[in-house]
Amino acid sequence: MRNSVLKQVLIALEGWKDNPKGLEEGTFKTGDWLKSTRMVGLSTGEKHFIFGGIAQDLRSDGRQRLHYRPISVETGVIPQANGSARVRIGATDVIASIKAELGKPSMHQPGKGKISIFVDCSPTAAPMFEGRGGEELSTELAVALQRCLLGGKSGAGAGIDLSSLIVTEGKICWDLYIDGLVVSSDGNLLDALGAAIKAALSNTGIPKVNVDLGPSPDDQPEVNVSDEEFLQFDTSGVPVIVTLTKVGRHYIVDATSEEESQMSSAVSVSVNRHGHICGLTKRGGAGLDPSVIMDMISVGKHVSEQLITVLDSEISAAEASATD
């Protein structure tokens, strides 16, 4: 079982094999927004209160270490998009929208469509998002989402099946443009954005396409895109992202901004409903022993089961209310 998990980690974590002795800063991180979380000003007493509560498994808001804040989901919040969703986790509020456009597959992956992820941090979401701080954080979040949802550069371990976006191999595919917007930030942005993307994809309708290839393989295909028939995007394999934040000697899920300001490091693992690891990323300057990483991944997989159940329920309720 442990070897199976380790194999999944190695697939999701390109480049890890080049430094097997320890997972130090930069070994597999895709970005580091630690500086922005450290900008939260806390007194010495408040810091001791956070550390003490986490050590006793009773956080400042009453939660245990491995419990999320209340989660709510709305779908179809942007009518012009092919799919959209708004997710609130506590006071963290994010929106994801999906736009589908016909394109041409790359020469290196003729049997796969393409997905691009962009994130915008609203300056009103938090003071640290103003100016270049917001731009840098937006880029780092987009890169982290890319790794967690789409795997590494090779696409190994990808949580979204890009082959499902092919219309005609080597000629026509769907390009999905995923835009995330941080409306309000109180920690755990990556998990919230990942949940919003999953909910938005479940709300996404891809227009049905009829293609006439013509008599010759070199002919330009004629494409007819339906305005009335849509195919629902299959989200059964889309993972959730669970971030384990290390504060003191313990790690917690769904950290608030105040808790993140006291962290030494954090590991985000994306896990699908089959328990497979699809991606992995780390932030923070402190190195982590491989045994700690394996334990955090094991905990993340357990927590992901609960998160998937909650999200499935919230997405179903949101879709049902939208059709009423």
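## Strand β9 and its partners

Val-242 stands opposite Val-269, a residue of strand β11. That facing pair belongs to a longer match: β9 (residues 240-247) and β11 (residues 265-271) run antiparallel and are joined by 7 bridges. The model you are looking at is a predicted one, so treat this as a guided walk through a prediction.

On β9 there is a second antiparallel pairing, with strand β10 (residues 250-253), over 4 bridges. Here Lys-246 stands opposite Tyr-251 of β10. The two strands form a hairpin with 2 residues between them, and Gly-248 in this hairpin takes a positive phi near 65 degrees.

How many residues of β9 are buried? The count is 8 of its 8 residues, so the strand is mostly covered, with buried meaning under 20% relative accessible area. In a regular strand the side chains alternate between the two faces of the sheet. In β9, Val-240, Val-242, Leu-244 and Lys-246 point one way, while Ile-241, Thr-243, Thr-245 and Val-247 point the other way. Both sets are buried, and Lys-246 is one of the residues included.

## Strand β6 and its neighbours

Now let us move to strand β6, residues 172-184. Strand β3 (residues 92-103) pairs with β6 in the antiparallel sense over 11 bridges. Within that pairing, Ala-100 has Leu-176 of β6 as its bridge partner. Strand β4 (residues 114-121) runs parallel to β6, and 8 bridges join the two. Ile-117 stands opposite Ile-178 of β6.

A further partner is strand β5 (residues 166-168), which pairs with β6 in the antiparallel sense over 2 bridges. Thr-168 stands opposite Ile-172 in β6. Together β5 and β6 make a hairpin with 3 residues between them, and in its turn Gly-170 has a positive phi of about 80 degrees.

## The nonpolar cores

Which residues touch the most other members of the largest nonpolar core? They are Ile-115, Leu-145, Leu-176 and Val-242, out of 66 residues in that core. Two of these names have come up already: Leu-176 is the bridge partner of Ala-100, and Val-242 stands opposite Val-269.

Ile-115 is a good residue to click on. Leaving aside residues up to four places away in sequence, Ile-115 touches Gln-146, Leu-150, Ile-160, Leu-162, Leu-165, Leu-176 and Ile-178. Apart from the largest core lies another one, made of 8 residues, including Leu-42, Ile-54, Ile-252 and Met-263.

## Salt bridges

Across the whole structure, a search finds 13 salt bridges. One of them joins the side chains of Arg-63 and Asp-61, 2.8 Å from N to O. Arg-63 counts as buried because its relative accessibility is 9%, whereas Asp-61, at 41%, counts as partly exposed.

Another salt bridge is formed by Arg-69 and Asp-186, whose closest N and O atoms are 3.4 Å apart. This pair links distant parts of the chain, 117 residues apart. Arg-69 sits in the loop between α3 (44-55) and β1 (71-75), and Asp-186 in the loop between β6 and α5 (189-202). With 8% relative accessibility Arg-69 counts as buried, while Asp-186, with 24%, counts as partly exposed.

Lys-208 and Glu-229 also meet in a salt bridge, at 3.8 Å from N to O. Because Lys-208 lies in strand β7 (residues 205-212) and Glu-229 in strand β8 (residues 222-232), the pair ties together parts that are 21 residues apart in sequence. Lys-208 is partly exposed, with a relative accessible area of 33%, and Glu-229 is partly exposed as well, at 43%. Elsewhere, salt bridges that share partners join Arg-59, Asp-61, Arg-63, Arg-69, Asp-186, Asp-254 and Glu-259 into one network.

## A patch on the surface

Finally, have a look at the outside. Leu-102, Val-223 and Val-225 make a nonpolar surface patch of about 190 Å². Leu-102 has its place in strand β3. Is Leu-102 buried or partly exposed? Its relative accessibility is 33%, so Leu-102 counts as partly exposed.

How values were computed:
Residues numbered from 1 in each chain as written. Predicted model: local features only at pLDDT ≥ 70, side-chain atom pairs only at ≥ 80, totals over all residues. Heavy atoms only, no water. Patch = residues over 30% accessible without salt bridge, like charges linked within 9 Å, V, L, I, M, F, W, Y side chains within 5 Å. Areas by Shrake-Rupley, 256 points an atom, 1.4 Å probe, with all protein chains shown as cover. Salt bridge = Lys/Arg side-chain N within 4 Å of Asp/Glu carboxyl O. Buried < 20%, exposed > 50% of the residue type's maximum accessible area, 1.4 Å probe, protein only. Pairing = 2+ DSSP bridges. Core = buried A, V, L, I, M, F, W, Y, C linked by side-chain atoms within 4.5 Å. Contact = heavy atoms within 4.5 Å.
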